[in-house]
Amino acid sequence: MNRLILRADMILQGKELAPVEKGALVVENGRICDIFPQHVLDGHPIEDARELCFPGQTLMPGMIECHNHLCIDATLPDHLELLEWSSECQLTILALKGLEEDLLSGVTTARCMGDKYYIDVAMKKMIQEKKIKGPRLLAAGIGMKGSHGAGYIGSPHCGAEEIRDTCRKNMKKGVDLLKLFVTPGVPDPNSSFVPSFLSPEEIAMAVSEGARLGIPVAAHCIGGQGLKDCIEGGVQVIEHMYMATEQDVELLAASNCVVDLTSGIFLDPSREAFLSPSNARKVRLNRPRVRENVARILKAGLPFVLGTDAYHGYLYREVEYAVELGADTVTALQGVTSHAADICGLGHKLGSLAPGLAADIIAVKGNPLEQVSCLSQVGFVMKDGTICKQ
């Protein structure tokens, strides 16, 4: 029996997450067939179908994690430094753990923003082949930073030709996007200056190479000159933007860029315990201005999506921070559902509950339109019509 009927107190339908009270949803062969009020079924049962009921719960699209790293587990002490010496085998084990945590938390699609050893590309293929379980993945392969750049996840590059070479190697491996690391991740608490480690020519080279195969470019960028260079160079998605000034917001508003917010890195105090003492101190000192800067982005109404930056299983907190800092609830939820799917280039396939789309469905206790913290209580996960958690 391939036909399944899901009944719930509420269903969030379509890209706008329109509420359907006392709704029913029909799934067949991995796709959503129909959505209608439950009373339609009264006296007219659908033949050859079984039913699942979710009293007191809401059915909504599976969440999309827009900024993930499979090689990082942000619940491990000094997890950033671990990248410097961990082997491919060790990082693969971390990846498998994170994939399971994400899927069971309601994440059915994840956008991987650079991993070592092409682990994201390998995991993507293994998930597609049903050899392992996890969200469907969009892979960026090897991230590109300047040879004098910050962090451990990106690979050092010097000059546009080196960027070109890695872009082509990434695309030959089958990546879905290209990732640049333009600025530091944690700003100097005592300065408003934001260093930029890639030249305009290097940024433009990545965009040009990606465009040849229809591959978008995303940039780790918290603001400053790097943001101007990214916008002028044609980068599509700006990751983080912790140092967004009024001028930065004006530049973004006049561009076609989307911002991928990862506010929890600074705003979630539970993450401090897993940072080195020096990084934890910088996070605490930067927290007030990051809160102010992210609120500035949201107040301006800039298009945004949401990600955790490898805090596997905690995407719901990013939605909470977006609402707390000024986003309306529906827009915040779209940042992990329909809008996120559009940014991933998948809006015609998933990200909404609508006939013809993939049956990526989660059930949360309560009504997320009234209280987004409901997203922390996911009791049911379906991906492509297959039940992953019940």
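Two strands count as paired here if DSSP finds at least two bridges between them. Keep that cut-off in mind for the first stop, where strand β4 (residues 49-61) and strand β15 (residues 361-365) are joined by five bridges and run antiparallel. The model on the screen is predicted.

**Stop 1: β4 and β15**

Select residues 49-61 together with residues 361-365. Two facing positions help to fix the register. Q57 in β4 has K365 of β15 as its bridge partner. M60 is matched with I362 in β15.

Now add residues 3-13, which make up strand β1. Eight bridges connect β1 to β4, and these two strands run parallel. To find the register, show I11, whose bridge partner in β4 is L59.

**Stop 2: the seven-stranded sheet**

Widen the selection to the whole sheet around these strands. It is open, has seven strands, and follows the order β3-β2-β1-β4-β15-β16-β17. The pairing in this sheet is mixed. Which strands stand at its edges? They are β3 (31-37) and β17; each has a single partner strand, so one side of each is left without a neighbour in the sheet. Looking across the sheet, neighbouring strands are turned by 30° against each other on average, with direction ignored.

**Stop 3: the β16-β17 hairpin**

Go to the β17 edge and select strand β16, residues 378-383. Three bridges tie β16 to β17, and the two run antiparallel. K383 stands opposite T386 of β17. Two residues lie between the strands of this hairpin, and D384 takes a positive phi near 55°. Keep K383 and D384 displayed, as both return at the pocket in Stop 5.

**Stop 4: the three-stranded sheet**

Hide the first sheet and select β5, β6 and β7. These three strands form an open sheet in the order β5-β6-β7, with parallel pairing. The edges are β5 (63-68) and β7 (136-138), each of which pairs on one side only. On average, neighbouring strands are turned by 20° against each other, direction ignored.

Zoom in on β6, residues 107-112, which three bridges join to β7 in parallel fashion. Here A110 faces L137 of β7.

**Stop 5: the largest pocket**

Stay with L137 and bring back the hairpin. Which residues lie nearest the centre of the largest pocket? They are I127, R136, L137, K383 and D384, out of a lining of 38 residues. The pocket holds about 940 Å³ of space.

To display the surroundings, select α2 (88-104), α3 (119-128), β7, β11 (217-221), α12 (338-343) and β17 (386-389), the elements that give two or more residues to the lining. Colouring the lining by residue class gives 18 nonpolar, eight polar and twelve charged residues.

Next, colour by domain. Why does this pocket lie between domain 1 and domain 2? Domain 1 (1-59 + 351-387) and domain 2 (62-342) both give residues to its lining, so the pocket lies between them.

**Stop 6: the second largest pocket**

The second largest pocket has a volume of about 660 Å³. Centre the view on L80, G151, G185, V186 and H220, which are the closest to its centre among the 33 lining residues. Then show α1 (79-85), β8 (144-146), α8 (264-267) and α9 (277-299), the elements that give two or more residues to this lining. The largest share, four residues, comes from α1. By class, the lining divides into 16 nonpolar, twelve polar and five charged residues.

**Stop 7: the annotated span**

Finish by selecting residues 58-387, where an unreviewed UniProt entry places the feature "domain: Amidohydrolase-related". Draw a distance between the C-alpha atoms at the two ends of this span: they lie 16 Å apart. The span is 38% helix and 18% strand.

Key
Residues numbered from 1 in each chain as written. Predicted model: local features only at pLDDT ≥ 70, side-chain atom pairs only at ≥ 80, totals over all residues. Heavy atoms only, no water. Axes fitted to C-alpha atoms, helices over the stretch in contact; angles between N-to-C directions. 1 Å grid on protein atoms, 1.4 Å probe; cavity = no way out; pocket = protein on both sides within 12 Å on 5 of 7 lines; lining within 4 Å. Points joined across faces, edges and corners; volume = space filled by probe spheres on them. Nonpolar A, V, L, I, M, F, W, Y, C, P; charged D, E, K, R; others polar. Domains from an automatic or database assignment. UniProt positions renumbered as here; feature names shortened; annotations may be inferred.
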